[in-house]
There are 2 protein chains.
Amino acid sequence: MQNFTFYNPTQVVFGKDTISKLPRLLGTHQKILFLYGHESIKKNGLYQKVLELLGDRELVEHGGVDPNPKYEHCLVGIEKIRKENCTFILAVGGGSVIDAAKFIAAGVKLATDPWDILLGKAKINEALPLGAVLTLPATGSEMNANSVISRASSDEKLAFASSYVFPQFAILDPQITYSLSMRQLQNGLVDAFVHVLEQYATTNEQALVQDGFCETVMKTLVQVTADVKVNPPIYDARANFMWAATMGLNGLIGVGAVQDWSTHGVGHELTAFYGLDHAQSLAIVFPALARFQKERKKEKLIQLVRNVFGMKDCSDVDAAIERIESYFRDEVGVKMKLSQYGVDSLEAADRVSERFKQRGTRLGEEGSLDYKAVYEILRSC
Amino acid sequence: MQNFTFYNPTQVVFGKDTISKLPRLLGTHQKILFLYGHESIKKNGLYQKVLELLGDRELVEHGGVDPNPKYEHCLVGIEKIRKENCTFILAVGGGSVIDAAKFIAAGVKLATDPWDILLGKAKINEALPLGAVLTLPATGSEMNANSVISRASSDEKLAFASSYVFPQFAILDPQITYSLSMRQLQNGLVDAFVHVLEQYATTNEQALVQDGFCETVMKTLVQVTADVKVNPPIYDARANFMWAATMGLNGLIGVGAVQDWSTHGVGHELTAFYGLDHAQSLAIVFPALARFQKERKKEKLIQLVRNVFGMKDCSDVDAAIERIESYFRDEVGVKMKLSQYGVDSLEAADRVSERFKQRGTRLGEEGSLDYKAVYEILRSC
């Protein structure tokens with residue numbers, strides 16, 4: 001096991017009707033930036049519920065956060081906070097809204113261009129406090145210190161992390177997921193599963209608790225997938241999905257293990273260039289990337305399908321990768337090829353690998369993947 | 001899954017030579033109550049290391065914390081803090097030292113008798129900050145808000161919990177365990193395992209992540225038991241043991257599940273009356289208690305041995321309980337009967353059940369165990 005530090009101060013309030021705890025969780029904050037996406041929280045009644053619960057508190061609304069939240073839209077949020085002197089950000093939405101809240105929280109305290117945060121040029125020393133009401137189980141953003149922001153003008157999608165932007169609280173009510181679309185549910189399942197893969201499918205560090213926790217989260221997702229997709233919704237299936245997704249990326253399950261965020265690294269570029277949903281990009285990239293690195297990842301991928309999919313006698317890494325691929329394709333039900341989204345894989349390979357070449361970025365647990373490897377991987381997507 | 005709240009702000013710093021992080025973790029605190037047990041940290045060099053690392057900071061020493069830390073000794077610690085104006089408590093030791101630190105931290109802020117905390121009569125609104133350097137993997141106290149304190153004058157052992165007493169940090173270096181005795185290692189293995197049992201062996205709440213996490217922790221303990229007991233020590237075995245014990249009782253694995261702390265409830269009385277080690281009392285009580293409640297706990301106990309001990313075809317609760325018992329007896333190597341510790345089981349049944357009768361305490365996940373049940377359980381120990 002490798003040395004590690006683990007710290008996660010977010011208070012999770014989980015279960016039926018837990019939205020009612022919101023006023024207590026906001027404490028003495030009286031002027032709040034209310035951040036959300038588009039119409040969905042108005043359609044499912046959450047918007048009205050929040051207004052009702054906040055009573056006399058002053059809300060400064062900042063709706064319109066897009067999936068893959070935009071830098072430009074965050075800047076407007078920062079301006080609103082400065083103008084109105086808000087002391088707290090309430091993010092009501094999925095990972096995109098919460099990611100935007102984190103960027104705004106850190107950016108509002110910065111004297112320079114907040115884009116510097118994403119370029120790693122600005123040191124974050126403070127942030128406005130924030131809290132989250134989660135609507136879409138997927139990213140784990142409700143209980144972590146990470147954020148991914150896109151810049152429309154340059155087709156860029158970059159990430160940052162800071163312990164100052166942990167949400168102070170996260171309200172998770174599985175019933176809120178009842179109004180999600182099939183595509184959102186599918187994306188959430190894939191996203192959560194791939195988060196675990198990135199922390200698990202590397203070298204064997206003899207970290208038994210962490211391996212078991214990763215396998216548990218993946219097994220839970222697999223086990224509830226069919227029940228998550230049915231209507232009328234099944235509470236326990238949604239609850240297990242929601243908690244599994246949060247545990248999938250709150251920093252705990254991967255401590256002391258070697259991680260490899262290559263699938264996200266390549267996937268972010270597909271989203272930036274072609275507008276693919278984040279989870280779609282992951283489902284497309286992971287199998288190709290795993291095949292490209294199959295010798296390196298063999299041991300853990302075989303361990304995965306033995307313990308997660310019950311393939312006790314599996315000893316063939318190709319069969320292991322196929323099993324994971326078939327989970328995405330046949331059980332979750334997402335399309336697995338770039339061509340199915342109208343994207344030419346050779347063009348994507350060219351554009352994305354060129355960007356890695358320009359940036360000089362290498363991917364993989366030991367930086368073993370260069371831009372040529374990215375080209376080969378995307379060519380087969 | 002039941003509704004739950006999860007909050008745990010302790011920063012864990014885990015791994016080889018992490019003691020070196022101590023000065024940074026103490027931040028600006030300059031006057032520190034240095035709490036420890038007896039000679040062991042002087043023998044293994046940790047005492048000297050702490051003195052060296054703290055440099056110019058002023059240390060007020062308060063050694064002599066016993067296993068099952070004493071109220072009377074804690075009062076002396078409270079007086080020292082008040083007299084010397086310490087602003088931080090550094091606990092270097094196992095669960096007893098850390099539990100004592102928590103009681104002192106809360107007690108020092110109280111105007112009334114700190115024993116009121118344990119009687120549930122005093123509301124805790126603040127506490128002195130504390131940090132821990134863990135020497136013995138077992139109780140999880142390094143990363144939770146719980147504390148158990150004994151009062152010598154009345155043979156009582158009582159617990160409290162408060163979010164104000166989470167350690168700010170916990171330094172966990174598996175190498176520190178190298179100087180532990182066989183008995184301490186055995187106790188730690190049993191203690192950690194039973195913590196998980198108390199959160200798991202109840203009703204089936206369809207909490208898939210939590211069940212899998214519990215099974216992972218127990219499986220890890222079982223898997224490393226033999227390697228933890230050998231000399232020279234094996235780093236990875238100690239590391240997995242240490243992290244499993246912390247995860248066993250930091251509040252996470254049992255969220256949203258029905259818990260039953262009966263084994264601890266009865267075991268605490270055996271320690272208070274007869275001075276048994278905490279873990280010895282747990283190993284003695286659990287099998288008897290499980291047999292007494294075997295119909296109620298059948299489903300989870302069978303699930304446990306299937307998933308933790310690989311008894312895939314087990315469908316017999318007696319066989320399941322026997323398997324758990326044999327883990328304690330044959331693999332960990334602890335004595336499982338009161339008579340082996342020179343205690344008469346009938347006398348113990350009389351004394352302990354009488355106390356439950358006087359207090360009117362009921363045990364079990366639905367309060368189904370009264371003093372008569374406690375009598376029957378102890379009679380068979």
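Me: What makes residues of chain B and chain A count as part of the contact, and how many does each chain give?
Reply: Two residues are in contact if their C-beta atoms, placed from the backbone, lie within 7 Å. The contact takes 32 residues from chain A and 32 residues from chain B. On the side of chain B that touches chain A, the largest share, 9 residues, comes from α8(B), a helix being a DSSP run (H or I) of at least four residues and a strand a run (E) of at least two, numbered from the N terminus. This is a predicted model, in which local features need pLDDT of at least 70 and side-chain atom pairs count only at 80 or more, while totals for chains, interfaces and linings use all residues. Residues are numbered from 1 along each chain as its sequence is written, and chains are lettered from A in the order in which they are written.

Me: Why are β1 of chain A and β2(B) called paired?
Reply: Two strands pair if DSSP finds at least two bridges between them. β1 (residues 4–6) of chain A and β2(B) have 3 bridges in the antiparallel sense, so they meet the definition. Phe4(A) stands opposite Phe14(B).

Me: Why is strand β5 of chain A described as largely enclosed by the rest of the structure?
Reply: A residue is buried if 20 or more other C-beta atoms lie within 10 Å of its own, exposed if 12 or fewer, and partly exposed in between. In β5 (residues 88–93), 6 of the 6 residues are buried, so the strand is largely enclosed. Phe88(A), Leu90(A) and Val92(A) cover one side, and Ile89(A), Ala91(A) and Gly93(A) the other.
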